[in-house]
There are 2 protein chains.
Amino acid sequence: MTAIRHDVLGIGNAIVDVIARAEDDFLLRQAMRKGAMALIDEARAQAIYASMGPGVESSGGSAANTIVGAASLGARSAFIGKVKDDGLGRVFTHDIRAAGVAFDTPPAFDGASTARCYVLVTPDGERTMNTYLGAAQDLHPNDIDPDTIASAAIVYLEGYLWDPKNAKDAFLKAAKIAHGAGRLVALTLSDAFCVDRFRAEFLDLVRAGTVDLLFANESELRSLYQTADFATALAALRGEARLAVVTRSEKGCVVVSRDATIESPAFPVERVVDTTGAGDLFAAGFLFGHAHGRDHATSARLGALAAAEIIGHLGARPERSLKALAQEHGLPV
Amino acid sequence: MTAIRHDVLGIGNAIVDVIARAEDDFLLRQAMRKGAMALIDEARAQAIYASMGPGVESSGGSAANTIVGAASLGARSAFIGKVKDDGLGRVFTHDIRAAGVAFDTPPAFDGASTARCYVLVTPDGERTMNTYLGAAQDLHPNDIDPDTIASAAIVYLEGYLWDPKNAKDAFLKAAKIAHGAGRLVALTLSDAFCVDRFRAEFLDLVRAGTVDLLFANESELRSLYQTADFATALAALRGEARLAVVTRSEKGCVVVSRDATIESPAFPVERVVDTTGAGDLFAAGFLFGHAHGRDHATSARLGALAAAEIIGHLGARPERSLKALAQEHGLPV
């Protein structure tokens, strides 16, 4: 029996974000779907970079952002994901370790370069993402160390991992090991278009109990159940998920379990600068609370607070200690 | 006679900033002089990076920041500086060109890697910098194209260039060409410790008229004239400089010319997040105004406005159009 050494372990695409401001016109000219994440190849990546404005490079990746957020709240955290041993790969590795997260996945020494995501932030704070997965899609089941997985109270997976075949297999291997060790498995649906590609498989994961805790936002949930009506989607979710949290931007979130449905408000935000990472950081707060045995309402407050910090500035990694922020707001950390 | 194609051309160290938050204790443990810029070698660069927190990469370099700021105000701008053809070099090149600045200095294909500056921002918003000059110090007089220099109304140089021998020679070559073509030469003193290293040479540049327009902050000016008394330093400057602007943080600036001394206030700032680039952006606004024939008071207001924008967020490149910002404040752009 492996002892618990980590509160949360994330498995996801190891990505460096290149964040730039853009006008809505730019998205139109580039035929980008506003608010969505598109996967792009290297040629398209080069073309987008050549036409976009000055950028700021900041480590990202959905599950990685979540894990760094959990660490900032004080969680013992670990991450598994694939970079190449190149400039951006060293940036990713430095940043996640400097945030106090255990990160020991060996980098690739040849093949595709480290993943990057061109994040275009429009004046309304909305972000539109174009991701070149590069080395991240080479995450392999061999990168999943059974002892490390079994050492984490919660294993957290991102839906984006479903795109590359090897990463999907790594995901399933990790879920199996986690359950074998009596741990929880959490999943975020990541993106409505991602759900559209893998709807049946994601539903199977929930129904088969491969996933104990599901994170989704409103549009992902509607995509999952193919309905425009939120109440209908929520009712369907209630009948299938053990525990699920649906985030609704400024309307807060809904925590759904078999025996109760809790609504929790968002934290007020002075100015929405960039919504990148809002969902990731909400998950960070909720996972932190859940791993520490807090009730769902408290976990939801922690999630809302972490999300509020992240949308007040550019980038998806906290700019200040979330633990200190939570303490200021009287939340238990 | 070359026609004017650029309002401002900057020559400086081509640097990518790696910005991280740090506590004062960290600076103490690392024996760093708070608020200063230190030149470091590659081994020290690696040691600092390994011990500092998560970073955000953003193109920087003092004169480069100024030129990007001038372009954001609407100036026709160009930059000369040296990167290597590596990851950070491509980031620098992309960002400055995406900002609308002409940048055609050929990159180095071997030798030291692209310069980076570890910018440590303490909770008070002050920044402490450690710069590995790398490829930037290989800027060579051959990189100074006479026709390009003669095409700029103002050639703007950074004092930091005085450190590498070849860059200094490039600086002097550019100043000579500019004056030969009847253009103005501007210089920023860059840093009090930089002034301490090159005091006699900088004074010579001012006295000999190699520099027509001098930028300094209060501590640089006191270092130049080796006095703790600001009024004494200002009187000395008045007797020697054709035109000089001394910035005084929240106290605004003083514009000194042979026939007049003008004081101009700072723009109020809601919250000082990071002072990196404040001096650089002040120079951007003043140079823009000066190149467009505005009076000193108006140029100083433009400088103050650009500086106010930059200290409200992390990083030394504008996050919004300075032209639009100036228009909102009724300033002529």
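**A tour of the A–B interface**

Start with both chains displayed: in this predicted model, 21 residues of chain A are in contact with 21 residues of chain B. A contact here is a pair of C-beta atoms, placed from the backbone, within 7 Å.

Next, hide chain B and select the side of chain A that touches it. Two elements to colour are strand S4 (56-60) and helix H4 (87-98) of chain A, each of which supplies at least two residues of that side. Which element gives the most? H4(A) does, with 6 residues. Now colour the residues of this side of chain A by type: 8 are nonpolar, 7 polar and 6 charged.

Bring chain B back and select residues 56-60 in both chains. S4(A) and S4 of chain B run antiparallel, and 3 bridges join them. Within this pair of strands, pick residue 57 on each side: Glu57(A) stands opposite Glu57(B), which lies in S4(B).

Now superpose the chains. Chain A falls on chain B after a rotation of 180° with 0.0 Å of shift along the axis, and the RMSD is 0.0 Å. The two copies are therefore related as by a two-fold rotation axis. Both copies use the same surface, since 100% of the contact residues of chain A recur in chain B.

Last, draw the rotation axis and go back to strand S4. Which residue of chain A comes closest to the rotation axis? Select Glu57(A): its C-alpha is 2.4 Å from the axis, the closest approach of any residue of chain A. This is the residue already seen opposite Glu57(B).

Definitions and conventions: Residues numbered from 1 in each chain as written. Chains lettered and ligands numbered in written order. Predicted model: local features only at pLDDT ≥ 70, side-chain atom pairs only at ≥ 80, totals over all residues. Least-squares fit on C-alpha atoms with pLDDT ≥ 70 in both. Contact = placed C-beta atoms within 7 Å. Helix = DSSP H or I, 4+ residues; strand = E, 2+ residues; numbered from the N terminus. Nonpolar A, V, L, I, M, F, W, Y, C, P; charged D, E, K, R; others polar. Pairing = 2+ DSSP bridges.
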